[in-house]
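Dear colleague,

Please find the structure below, handed over for your study. The notes that follow it set out what was found.

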Amino acid sequence: MRIGMLTGGGDCPGLNAVIRAAVRKGIQHHGDEFIGFMEGWRGVIDDVTMPLTLETTSGILQKGGTILRSSRTNVKKIEGGFEKCLETIKRNKLDALIALGGDDTQSISLALSERGVKCVGVPKTIDNDLNGTDACFGFDAAVMIATEAVDRLHSTAESHNRVLVCEVMGRDAGWIAITSGIAGGADVVLVPEVPIDIEETCRLIKYRREHGKKFSIVVVAEGAKFPAGTVATHDESLDSFGHPRLSGIGQTLAEEIEKRTGYETRSVNLGHTQRGGTPTAYDRMLATRYGVAAIDLVHAGKFGRLVVLRGTQITDISIADAIAKTRTVGQDLLDVLQSLQPLKDAV
């Protein structure tokens with residue numbers, strides 16, 4: 001078969017591992033031929049490609065980012081965008097298309113599937129919020145980076161008797177925040193699923209100070225918001241899928257904490273450091289399993305499907321189900337977090 005591949009949306013560690021695995025199994029077990037579209041859906045619209053062979057995908061397993069590069073191109077927003085995609089797919093005589101990406105990328109996969117394109121999806125988002133899968137590759141690496149940052153913040157916060165607020169990624173779900181926060185021993189963790197309770201946040205910080213701990217660490221997801229419902233943004237611009245550029249909740253929170261407690265408070269925004277660098281062993285393994293499973297779906301003729309992890313097993317669901325809703329942090333993890341904090345009537 002002749003198969004196209006692309007990586008859309010934000011990059012993350014593990015994308016290259018998926019590409020490598022799919023190409024190796026496809027070529028060595030089925031005699032497939034692959035082409036890669038550059039910069040996500042933009043490459044499909046403009047027909048910009050590179051050959052994906054055993055040679056071009058050799059040595060990329062441990063590399064972060066994506067050799068195909070990426071973009072947040074929304075085909076729906078481009079005049080004649082779908083028609084251009086269909087022309088490119090026909091011109092390249094593709095039998096199938098494998099798209100690596102999150103809900104925005106897969107929304108285009110679904111739209112093309114409805115237009116007769118044989119699409120298979122691979123779930124990718126460090127936010128870990130794609131519905132129907134227990135884990136997305138890249139999440140583990142992002143959590144490791146965030147946890148190491150929280151570890152490092154402890155020593156400098158303690159040295160200066162400061163409160164340090166660490167802002168991590170997480171637009172609609174707080175998976176990175178709650179996982180790195182608990183693993184890193186943060187004193188307060190704030191996620192998009194629960195409105196920020198500034199009074200409770202300050203109570204926890206004051207409690208530590210009153211019990212001999214003169215520093216505190218707060219981890220906050222970029223999408224966390226105060227009860228009023230507004231999020232902190234870099235500016236008023238939106239990307240092609242209508243998302244604002246989130247940034248600044250950490251600084252806003254730090255200013256409010258210092259005003260209410262009188263304790264010196266600083267903020268740090270990890271930003272894109274969470275996306276960069278080499279994938280962890282877990283992400284390499286998961287990405288490889290996804291790449292192999294994607295080829296298996298292609299040759300089984302199961303299109304319009306997304307490979308997912310359920311427990312320890314790789315299976316698949318419809319792309320429509322995968323993007324139907326956001327997978328958010330459950331009450332079970334929120335309960336774990338609360339169990340580690342002093343009750344309001346604690347003395």
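**Cysteines**

Cys-85 counts as buried because its relative accessibility is 0%. Please keep in mind throughout that this is a predicted model. Cys-85 takes part in no disulfide, and the nearest cysteine sulfur, which belongs to Cys-119, is 9.5 Å away.

Cys-12 is likewise counted as buried, because its relative accessibility is 0%. Why does Cys-12 form no bond with Cys-136? The sulfur of Cys-136 is the closest cysteine sulfur to that of Cys-12, but the two are 8.5 Å apart, which is too far for a bond. A disulfide requires two cysteine sulfur atoms within 2.5 Å. The structure as a whole holds 0 disulfides.

**Rings and charges**

Two arginines are placed over aromatic rings. The charged end of Arg-209 sits over the ring of Tyr-263, at 3.9 Å from the centre of that ring. Arg-327 lies over the face of Trp-175, and here the distance to the ring centre is 4.2 Å. As for rings that pair with one another, the count is 1 aromatic pair, where ring centres must lie within 6.5 Å to qualify.

**The second largest pocket**

You may wish to display this pocket while reading the present section. The second largest pocket has a volume of about 490 Å³. Its lining is made up of 20 residues, and those nearest the centre of the pocket are Val-194, Glu-200, Leu-337, Gln-338 and Gln-341.

Which elements give two or more residues to this lining? They are strand E7 (188-190), helix H7 (198-210) and helix H11 (331-339). H11 provides the largest share of the lining, with 5 residues. By residue character, the lining divides into 11 nonpolar, 4 polar and 5 charged residues.

**Two residues with positive phi**

Most residues other than glycine have a negative phi. Two residues in this model are therefore worth a look, since each has a positive value: Lys-93 and Asn-161 both have a phi near 55°.

Lys-93 is found in the loop between helix H3 (81-91) and strand E4 (96-101). Is Lys-93 buried or exposed? Lys-93 is exposed, because its relative accessible area is 65%, and the cut-off for that class is over 50%.

Asn-161 lies in the loop between helix H5 (139-160) and strand E6 (163-168). Asn-161 has a relative accessible area of 36%, so this residue is classed as partly exposed.

**Strand E5 and the loops beside it**

Several findings concern strand E5 (119-123) and the loops on either side of that strand. Lys-118 is placed in the loop between helix H4 (103-113) and strand E5. At 45% relative accessibility, Lys-118 counts as partly exposed. Where in space does Lys-118 stand with respect to Gly-304? The two residues are 186 residues apart in sequence, and their C-alpha atoms are 6.8 Å apart.

Pro-123 belongs to strand E5 itself. Pro-123 is buried, because its relative accessible area is 0%. Along the chain, Pro-123 and Val-308 are 185 residues apart, while the separation between their C-alpha atoms is 7.0 Å.

Ala-135 is located in the loop between E5 and H5. Ala-135 has a relative accessible area of 8% and is therefore buried, as the limit for that class is under 20%. From Ala-135 to Lys-124 there are 11 residues along the chain, and the C-alpha atoms of the two are separated by 9.1 Å.

**Helix H10**

Finally, Ala-322 is found in helix H10, which covers residues 319-322. Ala-322 counts as buried, because its relative accessibility is 1%. Ala-322 and Val-292 are 30 residues apart in sequence, and the distance from C-alpha to C-alpha is 19 Å.

With kind regards

Key:
Residues numbered from 1 in each chain as written. Predicted model: local features only at pLDDT ≥ 70, side-chain atom pairs only at ≥ 80, totals over all residues. Heavy atoms only, no water. Phe/Tyr/Trp six-rings, centres within 6.5 Å; stacked < 30°, edge-to-face > 60°. Lys NZ or Arg CZ within 6 Å of the ring centre and 35° of its normal. Buried < 20%, exposed > 50% of the residue type's maximum accessible area, 1.4 Å probe, protein only. 1 Å grid on protein atoms, 1.4 Å probe; cavity = no way out; pocket = protein on both sides within 12 Å on 5 of 7 lines; lining within 4 Å. Points joined across faces, edges and corners; volume = space filled by probe spheres on them. Helix = DSSP H or I, 4+ residues; strand = E, 2+ residues; numbered from the N terminus. Nonpolar A, V, L, I, M, F, W, Y, C, P; charged D, E, K, R; others polar.
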